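I kept this notebook while going through one structure, and I wrote each entry as I looked something up. The sequence and the coordinates come first, and my notes follow.

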Amino acid sequence: MSFRLTLRPVALALSLGLAGLAPSAHALNIVLRDISSTPMTAEQLGAFQQAANYWSSKLTDNVTVYIDVGFNSLGANILGQASSSASDVSYSTLRSALVNDAKSATDATAVSHLQTGSSLSFYATQGDLSTRLDNDNSANNRLLSVNTANLKALGLTTNTTANNPDATIIFATGFASSFAYSRVNGQVPANKTDFITVAEHEIGHALGFVSGVDSIDECLAANNSCKNSFETEAWYSPLDLFRYSAAGKLDVTVGGTRYFSIDGGATAIESFSTGAYNGNGWQASHFGTSVITLMRPFVGDGQSYDATTSDLLAFDAIGWDMAAAVPEPASYALLLGGLAALGLKRRRQAA
């Protein structure tokens with residue numbers, strides 16, 4: 001079996017004891033709080049902490065990120081639920097923050113290819129599932145929805161605290177026995193899912209690996225009035241600034257073939273998934289399925305891994321600082337012609 005990684009809103013009924021576990025040796029400080037109805041075992045909490053420590057070892061931003069974690073009883077066949085706090089930020093503010101935060105070669109390339117001005121131009125899916133070039137200076141062109149953890153990395157103020165966390169990650173108690181909570185020589189049993197890999201993946205979403213394409217896709221699937229607000233609200237994320245379908249074609253439509261690029265679409269670094277309902281069957285807040293990356297949409301039993309170069313480049317591009325230099329795309333990236341065609345609601349708070 002494989003563990004399908006999804007992002008869905010989670011309603012918290014209980015807020016229990018603190019598990020203020022966070023490494024102090026690294027600049028990024030991830031504080032975990034156990035909100036399980038029955039406190040997690042030491043093994044489970046330790047695995048969560050190992051995943052948090054992994055990200056602290058990779059990212060050097062001097063910020064504190066608060067994440068509620070735990071195991072609770074969820075609905076039938078629900079393996080886990082996650083949500084992230086986000087705020088609306090103007091594109092001009094975000095672009096300035098990315099420029100000011102640029103430290104790496106990846107940053108330099110990424111910011112030099114961002115669109116100038118205060119309003120974005122991109123190809124977008126409309127309420128009737130048609131596609132058009134959207135450059136009308138509406139709210140969806142001028143505003144982006146940014147995870148609060150990502151805002152912290154960019155030096156933009158947020159009001160998150162231990163009691164008002166940046167994200168919540170809950171797994172189902174009914175599936176707790178499906179996980180391996182430790183690695184032996186970097187491996188887990190063939191019949192178990194590596195919990196550390198899954199937790200690293202979910203923390204990655206909290207840190208900003210999300211796409212507004214999922215919200216559009218879900219709205220279209222629900223066929224409700226949210227379609228009337230495609231132009232009047234912030235839908236897209238910083239990661240969507242690097243979502244392309246061709247050189248020079250920023251593309252946040254549902255479906256099709258999309259890829260991660262930091263040079264305006266000239267180089268395809270990794271494919272993106274394109275939507276659970278109207279795309280390739282996987283949430284767009286993930287890389288594609290054909291290559292093993294931490295941020296692809298599933299983890300197979302017996303598989304154990306951490307972030308790849310592609311994963312780290314994405315976090316670098318959206319504003320996180322790397323503890324070590326990430327190889328430049330040209331040294332390893334797939335060429336566009338070689339790519340094969342190949343999961344999220346976020347709760348919002350006032351900026």
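The entries below go from salt bridges to backbone angles, then to a helix, strands and one threonine.

**Entry 1: what kind of model this is**

Before anything else I noted that this is a predicted model, and I keep that in mind for every value I write down.

**Entry 2: salt bridges**

How many salt bridges does the structure hold? I looked up the total and found ten, and I then followed some of them one by one.

I began with R33 and D68, whose side chains meet in a salt bridge with 2.9 Å from N to O. This pair links distant parts of the chain, since R33 belongs to strand β2 (residues 29–34) and D68 to strand β3 (residues 64–72), 35 residues apart. I also checked how covered the two partners are, and both R33 and D68 turn out to be buried.

Next I turned to R132 and E231, where the side chains meet in a salt bridge at 3.2 Å, again from N to O. R132 sits in strand β6 (residues 131–134) while E231 sits in the loop between α7 (213–222) and β11 (243–246), so this salt bridge ties together parts that are 99 residues apart in sequence. I put R132 down as partly exposed because its relative accessibility is 30%, and the range for that label runs from 20% to 50%. Looking further around this pair, I found that R132 and E231 belong to a network of salt bridges that also links D134 and D136.

The third pair I followed is D166 with K152, whose closest N and O atoms are 2.9 Å apart. Here D166 lies in the loop between α5 (148–153) and β8 (167–172) and K152 lies in helix α5, 14 residues apart. Are these two buried or exposed? D166 counts as buried because its relative accessibility is 0%, and K152 is buried as well, with a relative accessible area of 12%.

**Entry 3: positive phi angles**

I then looked for residues other than glycine with a positive phi, and I wrote down N137, with a phi of about 65 degrees. N137 lies in the loop between β6 and α4 (139–142), and with a relative accessible area of 41% it is partly exposed.

N223 also has a positive phi without being a glycine, near 55 degrees. I found N223 in the loop between α7 and β11, and this residue is exposed, with a relative accessible area of 55%.

**Entry 4: helix α6**

Helix α6 covers residues 195–206, which makes twelve residues, and I noted a reach of 17 Å from its first C-alpha to its last, close to the 16 Å expected at 1.5 Å a residue. How many of its residues are buried? I counted twelve of twelve, including charged or polar names such as E200, H201, E202 and H205.

I also looked at the two ends of the helix. At its start, a side-chain oxygen of D194 comes to within 3.3 Å of the backbone nitrogen of I196, and just after α6 the residue G208 takes a positive phi of about 130 degrees.

**Entry 5: strands**

Strand β7 (residues 143–147) has four of its five residues buried, so I describe this strand as largely enclosed by the rest of the structure. Its antiparallel partner is strand β4 (residues 80–90), and five bridges join the two; in this pairing V89 stands opposite L144 of β7.

Elsewhere I traced an open sheet of four strands, in the order β12-β11-β13-β14, with antiparallel pairing. β12 (249–250) and β14 stand at the edges with a single partner strand each, so one side of each is left without a neighbour in the sheet. β14 pairs with strand β13 (residues 258–260) over three bridges, and there I found Y259 opposite S271 of β14.

**Entry 6: T274**

My last look-up was T274, which has its place in the loop between β14 (270–272) and β15 (298–300). T274 counts as buried because its relative accessibility is 1%. What does its side chain reach? I found the backbone nitrogen of N280, at 2.9 Å. Leaving aside residues up to four places away in sequence, I listed the residues that T274 touches, among them V213, R243, V254, R258, W282 and A284.

Key
Residues numbered from 1 in each chain as written. Predicted model: local features only at pLDDT ≥ 70, side-chain atom pairs only at ≥ 80, totals over all residues. Heavy atoms only, no water. Salt bridge = Lys/Arg side-chain N within 4 Å of Asp/Glu carboxyl O. Buried < 20%, exposed > 50% of the residue type's maximum accessible area, 1.4 Å probe, protein only. Expected span 1.5 Å × (residues − 1). Polar contact = N/O pair within 3.5 Å; in protein donor to acceptor, adjacent residues only side chain to side chain. Pairing = 2+ DSSP bridges. Contact = heavy atoms within 4.5 Å.
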